[in-house]
Amino acid sequence: MKDFLPILKKVELFKGISEDNILLMLNCLNAQKRQYNRKQTIFMIGENVTSVGIVLTGNVHIIKEDIFGNRAILADSGEGDLFCESFSCSQTEKLPVTVVAATDSIVLMINYRRIITTCSSACEFHSRLVENMLGILAYKNIALNRKVDYLSKRTTRDKLIEFLSFHQEQANDNVFTIPFNRQELADYLCVDRSAMSNELSKMRDEGLIKFEKNKFELFLD
C-alpha cells in the first residue's frame with residue numbers, strides 16, 4: 001500500500017492524518033485493494049453495499065439504466081475520490097444504481113462500519129475519520145445539487161455551457177480536461193449524443209469553444 005501513499009494523502013477521508021498513521025489505519029480498517037478491468041461491474045444494482053470505495057487509479061462511474069436500456073451517468077469518481085459512501089451510510093438494502101469501472105482501475109474497499117465505529121484498539125484517529133466522512137457527504141450533496149443545475153437548463157447548449165464553465169472554473173484555466181468521452185458526456189447531461197455533438201460543433205464554429213477529444217478551451221467572456 002506504500003506505493004499509493006501519494007494518492008492516499010490527498011484523499012479527503014484521511015485529511016489531517018500523517019502518512020505513517022494512514023498505513024496503520026488501513027490495517028485497522030482491514031482495507032482491501034481490488035483491481036477492475038474497463039467496463040467491469042464493481043457493484044450491481046440490487047446489491048446490499050456495506051463498503052466505501054476509494055479510487056486509487058482509473059475512473060469509476062455511477063450509472064442508472066431505465067427499463068428501455070437508456071443509461072444516465074449520475075457521477076464520476078476519479079483518482080482519490082470516494083464512491084458509494086452515501087448508500088453505505090444510509091444502509092440502503094438494495095443499491096439503486098450500478099457502479100462500473102470506466103477505465104482499468106484499482107480500488108480500495110473499506111467497510112463503512114469500521115470507519116464510523118471505534119475499533120478495539122481505540123485508534124485515536126477514528127474521530128477524525130468520522131469528521132472527514134461528514135465533510136465528504138456534505139460535499140457530495142453540493143455536487144448533486146450542481147448536477148441538478150445542469151439538468152434544469154432547458155437546452156443542450158445551456159447544459160453544455162453550465163457544465164464546461166464549472167470545469168473551467170475548477171481548473172482555473174481556459175484550457176481544461178473533462179472526465180468523459182462524448183457518449184459519457186451525453187449520458188451525464190441526459191441528452192442525445194448526436195444533438196450534443198452538433199451543438200458542440202456549432203459552438204466551435206461560433207468561436208465559443210475549441211476541443212480535441214476531452215480537452216476543451218472556453219471563450220465565453
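Is Val100 buried or exposed? At 13% relative accessibility, Val100 counts as buried, where buried means under 20% relative accessible area, exposed over 50% and partly exposed in between, with a 1.4 Å probe and protein chains only.

This is a predicted model, in which local features need pLDDT of at least 70 and side-chain atom pairs count only at pLDDT 80 or more, while totals for chains, interfaces and linings use all residues. Residues are numbered from 1 along each chain as its sequence is written, and side-chain values use heavy atoms, with hydrogens and water left out.

**Confidence**

The chain has an average pLDDT of 90, and 96% of its residues score at least 70; pLDDT is the predictor's confidence in each residue, from 0 to 100. Among the elements of the chain, strand β2 (residues 41-43) has the highest mean pLDDT, 97, and helix α4 (residues 112-116) the lowest, 82. Helices (H or I, at least four residues) and strands (E, at least two) are DSSP runs, numbered from the N terminus.

**Val100 and Lys39**

Val100 has its place in strand β7 (residues 98-101). Leaving aside neighbours within four places in sequence, Val100 is in contact with Lys39, Gln40, Thr41, Ile42, Asn59, Val60, His61 and Ile63, contact meaning heavy atoms within 4.5 Å. Between Val100 and Asp76 there are 9.9 Å in space, C-alpha to C-alpha, and the two are 24 residues apart in sequence.

Lys39, one of the residues in contact with Val100, is found in the loop between β1 (32-36) and β2. With 60% relative accessibility, Lys39 counts as exposed, and its phi is near 75°, a positive value in a residue other than glycine. Lys213, in the loop between β10 (209-212) and β11 (215-218), also has a positive phi, near 55°, and is exposed with a relative accessible area of 69%.

**Ala31**

In the loop between α2 (19-28) and β1 lies Ala31, which is buried with a relative accessible area of 17%. Not counting residues up to four places away in sequence, Ala31 touches Leu26, Leu108, Met109 and Ile110. Of these, Met109 is 78 residues from Ala31 in sequence, yet their C-alpha atoms are 5.6 Å apart in space.

**Helices α5 and α6**

The expected span of a helix is 1.5 Å times one less than its number of residues, and the table sets this beside the distance between the end C-alpha atoms for two helices.

| Helix | Residues | Expected span | End C-alpha distance |
|---|---|---|---|
| α5 (126-152) | 27 residues | 39 Å | 39 Å |
| α6 (156-171) | 16 residues | 22 Å | 23 Å |

For α5 the two values agree, and for α6 they agree as well. The buried residues of α5 include His126, Leu129, Met133, Arg146 and Tyr150. Those of α6 are Arg157, Lys159, Leu160, Phe163, Leu164, Phe166, His167 and Gln168, and these buried residues pack against α5, β9 (175-177), α7, α8, β10 and β11.

His167, in helix α6, is buried with a relative accessible area of 17%. Apart from its neighbours within four places in sequence, His167 is in contact with Phe176, Ile178 and Pro179. Just after α6, Asn172 takes a positive phi of about 55°.

**How α7 packs against α6 and α8**

Two packed helices are described by the angle between their axes and the distance between the axes. Axes are lines fitted to C-alpha atoms, for helices over the stretch in contact, and angles run from 0 to 180 degrees between N-to-C directions. Helix α6 and helix α7 (residues 182-189) pack at an angle of about 105°, their axes being 11 Å apart. They are therefore roughly perpendicular to each other, since angles of 65 to 115 degrees count as roughly perpendicular, under 35 as roughly parallel, over 145 as roughly antiparallel and the rest as oblique. The contact is made by Lys159, Leu160 and Phe163 of α6 and by Leu185, Tyr188 and Leu189 of α7; by class, it has 5 nonpolar, no polar and 1 charged residues. Here Ala, Val, Leu, Ile, Met, Phe, Trp, Tyr, Cys and Pro count as nonpolar, Asp, Glu, Lys and Arg as charged, and the others, Gly among them, as polar.

The axes of α7 and helix α8 (residues 193-205) come within 9 Å and cross at roughly 105°, which makes α7 roughly perpendicular to α8. Arg182, Gln183, Leu185 and Ala186 of α7 make this contact with Arg193, Met196 and Leu200 of α8, and its classes are 4 nonpolar, 1 polar and 2 charged residues.
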